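User: I would like a close look at one part of this model. Please keep it brisk and walk me through the packing around it.

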Amino acid sequence: MWKLALCVFLGSGIGGVCRYLASRYIEKFIGTISVVGAVKVFPWPTLMVNILGCFLIGLIYGVVDGNTFHLSEQAKAFLTAGFCGGLTTFSTFSNENYLLFQSSEFFILLIYVAVSILLGFLAAYGGHALMRAV
(Lines give C-alpha, C1' and ligand atoms only; values in the text may rest on other atoms or scores of the structure.)
Protein backbone atom coordinates (compact mmCIF):
# COMPACT_ATOMS: atom_id res chain seq x y z
CA MET A 1 0.00 0.00 0.00
CA TRP A 2 2.73 2.50 0.95
CA LYS A 3 4.76 1.65 -2.13
CA LEU A 4 1.73 2.39 -4.34
CA ALA A 5 1.03 5.62 -2.45
CA LEU A 6 4.64 6.71 -3.01
CA CYS A 7 4.28 5.96 -6.74
CA VAL A 8 1.12 8.10 -6.89
CA PHE A 9 2.88 10.86 -4.92
CA LEU A 10 5.84 10.97 -7.29
CA GLY A 11 3.71 10.72 -10.44
CA SER A 12 1.31 13.44 -9.34
CA GLY A 13 4.18 15.77 -8.52
CA ILE A 14 5.65 15.32 -11.98
CA GLY A 15 2.21 15.59 -13.62
CA GLY A 16 1.40 18.74 -11.64
CA VAL A 17 4.64 20.41 -12.69
CA CYS A 18 3.97 19.42 -16.31
CA ARG A 19 0.46 20.91 -16.05
CA TYR A 20 1.81 24.15 -14.61
CA LEU A 21 4.49 24.50 -17.30
CA ALA A 22 2.13 23.53 -20.13
CA SER A 23 -0.52 25.96 -18.89
CA ARG A 24 1.99 28.83 -18.73
CA TYR A 25 3.24 27.98 -22.23
CA ILE A 26 -0.30 27.81 -23.63
CA GLU A 27 -1.27 31.08 -21.90
CA LYS A 28 1.76 32.76 -23.42
CA PHE A 29 0.79 31.79 -26.96
CA ILE A 30 -3.01 31.58 -26.82
CA GLY A 31 -3.78 33.60 -23.74
CA THR A 32 -6.46 33.99 -21.17
CA ILE A 33 -7.49 37.36 -19.81
CA SER A 34 -8.38 37.69 -16.16
CA VAL A 35 -10.36 40.64 -14.91
CA VAL A 36 -10.79 40.74 -11.13
CA GLY A 37 -10.25 36.98 -11.10
CA ALA A 38 -12.98 36.25 -13.66
CA VAL A 39 -12.09 34.40 -16.84
CA LYS A 40 -13.19 36.58 -19.77
CA VAL A 41 -12.14 34.37 -22.67
CA PHE A 42 -12.10 30.65 -23.30
CA PRO A 43 -9.84 28.86 -20.76
CA TRP A 44 -7.62 27.08 -23.30
CA PRO A 45 -4.80 25.98 -20.96
CA THR A 46 -7.00 23.87 -18.70
CA LEU A 47 -8.94 22.41 -21.62
CA MET A 48 -5.76 21.41 -23.44
CA VAL A 49 -4.00 19.76 -20.48
CA ASN A 50 -7.20 17.93 -19.53
CA ILE A 51 -7.67 16.59 -23.06
CA LEU A 52 -4.02 15.53 -23.18
CA GLY A 53 -4.44 13.75 -19.83
CA CYS A 54 -7.56 11.96 -21.08
CA PHE A 55 -5.69 10.76 -24.17
CA LEU A 56 -2.72 9.59 -22.11
CA ILE A 57 -4.87 7.69 -19.63
CA GLY A 58 -6.66 6.10 -22.58
CA LEU A 59 -3.29 4.99 -23.96
CA ILE A 60 -2.19 3.62 -20.60
CA TYR A 61 -5.38 1.68 -19.92
CA GLY A 62 -5.43 0.59 -23.56
CA VAL A 63 -2.02 -0.98 -22.97
CA VAL A 64 -3.10 -2.57 -19.70
CA ASP A 65 -6.57 -3.71 -20.81
CA GLY A 66 -5.38 -4.92 -24.18
CA ASN A 67 -2.50 -6.90 -22.67
CA THR A 68 -0.11 -5.18 -25.09
CA PHE A 69 2.43 -5.57 -22.35
CA HIS A 70 2.33 -5.93 -18.60
CA LEU A 71 2.58 -2.91 -16.30
CA SER A 72 3.31 -3.48 -12.64
CA GLU A 73 0.84 -2.13 -10.10
CA GLN A 74 3.45 0.48 -9.16
CA ALA A 75 3.90 1.63 -12.76
CA LYS A 76 0.14 1.74 -13.31
CA ALA A 77 -0.36 3.78 -10.10
CA PHE A 78 2.49 6.14 -11.05
CA LEU A 79 1.13 6.74 -14.57
CA THR A 80 -2.65 6.82 -13.97
CA ALA A 81 -3.55 8.12 -10.51
CA GLY A 82 -0.18 9.82 -10.25
CA PHE A 83 0.96 11.43 -13.50
CA CYS A 84 -2.41 11.70 -15.30
CA GLY A 85 -4.14 12.70 -12.07
CA GLY A 86 -1.55 15.41 -11.47
CA LEU A 87 -1.60 16.57 -15.08
CA THR A 88 -5.37 16.97 -15.30
CA THR A 89 -7.35 19.25 -13.05
CA PHE A 90 -11.03 19.01 -12.27
CA SER A 91 -10.74 21.64 -9.55
CA THR A 92 -9.38 24.33 -11.90
CA PHE A 93 -11.98 23.33 -14.51
CA SER A 94 -14.74 23.74 -11.90
CA ASN A 95 -13.38 27.06 -10.67
CA GLU A 96 -13.15 28.41 -14.20
CA ASN A 97 -16.76 27.36 -14.76
CA TYR A 98 -17.74 29.22 -11.60
CA LEU A 99 -15.85 32.33 -12.75
CA LEU A 100 -17.50 32.18 -16.17
CA PHE A 101 -20.88 31.87 -14.47
CA GLN A 102 -20.08 34.69 -12.04
CA SER A 103 -19.10 36.99 -14.90
CA SER A 104 -22.29 36.07 -16.86
CA GLU A 105 -20.29 34.42 -19.66
CA PHE A 106 -23.00 31.77 -20.06
CA PHE A 107 -22.32 30.92 -23.69
CA ILE A 108 -18.60 30.39 -23.05
CA LEU A 109 -19.48 28.36 -19.96
CA LEU A 110 -21.79 26.09 -21.95
CA ILE A 111 -19.25 25.63 -24.74
CA TYR A 112 -16.42 24.99 -22.25
CA VAL A 113 -18.32 22.29 -20.37
CA ALA A 114 -19.62 20.60 -23.54
CA VAL A 115 -16.27 20.69 -25.34
CA SER A 116 -14.39 19.48 -22.25
CA ILE A 117 -16.65 16.49 -21.75
CA LEU A 118 -16.93 15.56 -25.42
CA LEU A 119 -13.25 15.95 -26.27
CA GLY A 120 -12.19 14.31 -23.00
CA PHE A 121 -14.28 11.26 -23.82
CA LEU A 122 -13.07 11.16 -27.43
CA ALA A 123 -9.45 11.52 -26.34
CA ALA A 124 -9.73 8.64 -23.84
CA TYR A 125 -11.56 6.56 -26.44
CA GLY A 126 -8.91 7.39 -29.02
CA GLY A 127 -6.11 6.35 -26.67
CA HIS A 128 -7.81 3.02 -26.00
CA ALA A 129 -8.52 2.48 -29.70
CA LEU A 130 -4.96 3.29 -30.69
CA MET A 131 -3.59 0.72 -28.25
CA ARG A 132 -6.09 -1.92 -29.36
CA ALA A 133 -4.91 -1.40 -32.95
CA VAL A 134 -1.28 -2.06 -31.98
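Start with cysteine 84: is it buried or exposed? Then move on to helix H2 and what packs against it.

Analyst: This is a predicted model. Cysteine 84 is buried, because its relative accessible area is 4%, below the 20% limit for that class.

Next, the sulfur chemistry. The whole structure holds zero disulfides. Cysteine 84 is no exception: its nearest cysteine sulfur belongs to cysteine 54, at 8.7 Å. A bond would need the two sulfurs within 2.5 Å. Cysteine 18 is also unpaired, because its closest cysteine sulfur, that of cysteine 84, is 11 Å away, too far for a bond. The setting of cysteine 18 is partly exposed, at a relative accessible area of 33%.

Leucine 56 leads from cysteine 84 into helix H2. Leucine 56 is part of H2. Leaving out residues up to four places away in sequence, leucine 56 touches Cys84, along with Phe83 and Leu87. Leucine 56 is partly exposed, because its relative accessibility is 23%, between the 20% and 50% limits. The C-alpha atoms of leucine 56 and glycine 82 are 12 Å apart, with their positions 26 residues apart along the chain.

Now the first helix partner. H2 spans residues 44–65 and packs against helix H1, residues 2–29. The angle is about 135° and the axes are 9 Å apart. H1 and H2 are therefore oblique to each other, since an angle must be over 145 degrees to count as roughly antiparallel. Their crossing is right-handed. On the H1 side, the contact uses Arg19, Ala22, Ser23, Ile26 and Glu27. On the H2 side, it uses Trp44, Pro45, Met48 and Val49. By class, this contact of H1 with H2 has six nonpolar residues, one polar and two charged.

The other partner is helix H5, residues 106–133. H2 and H5 pack at about 30°, and their axes are 7 Å apart. H2 is therefore roughly parallel to H5, because the angle is under 35 degrees. This crossing is right-handed. H2 contributes Thr46, Leu47, Ile51, Cys54, Phe55, Gly58, Leu59, Tyr61, Gly62, Val63 and Asp65 to the contact. H5 answers with a list that includes Tyr112, Val115, Ser116, Leu119, Gly120, Ala123 and Ala124. Further along H5, Gly126, Gly127, His128, Leu130 and Met131 also take part. The classes for H2 with H5 come to 14 nonpolar, eight polar and one charged.

Threonine 46 is worth a closer look. Threonine 46 lies in H2 and is buried, because its relative accessible area is 5%. Setting aside neighbours within four places in sequence, threonine 46 contacts Thr89, Thr92, Phe93, Glu96 and Tyr112. Tyr112 belongs to the H5 side of the helix contact.

Last, the loop after H2. Asparagine 67 sits between H2 and helix H3 (73–87). Asparagine 67 is exposed, because its relative accessible area is 65%, over the 50% limit. The C-alpha atoms of asparagine 67 and proline 43 are 37 Å apart, though only 24 residues separate the two along the chain.

In short, cysteine 84 is buried and in no disulfide. Helix H2 is oblique to H1 and roughly parallel to H5.

Terms used. Residues are numbered from 1 along each chain as its sequence is written. This is a predicted model: local features need pLDDT of at least 70, side-chain atom pairs count only at pLDDT 80 or more; totals for chains, interfaces and linings use all residues. Side-chain values use heavy atoms; hydrogens and water are left out. Buried means under 20% relative accessible area, exposed over 50%, partly exposed in between (1.4 Å probe, protein chains only). Axes are lines fitted to C-alpha atoms, for helices over the stretch in contact, and angles run from 0 to 180 degrees between N-to-C directions. Helices (H or I, at least four residues) and strands (E, at least two) are DSSP runs, numbered from the N terminus. Angles under 35 degrees count as roughly parallel, over 145 as roughly antiparallel, 65 to 115 as roughly perpendicular and the rest as oblique. A crossing is left-handed if the near helix is turned anticlockwise from the far one by less than a right angle, and right-handed if clockwise. Contact means heavy atoms within 4.5 Å. Ala, Val, Leu, Ile, Met, Phe, Trp, Tyr, Cys and Pro count as nonpolar, Asp, Glu, Lys and Arg as charged, and the others, Gly among them, as polar.
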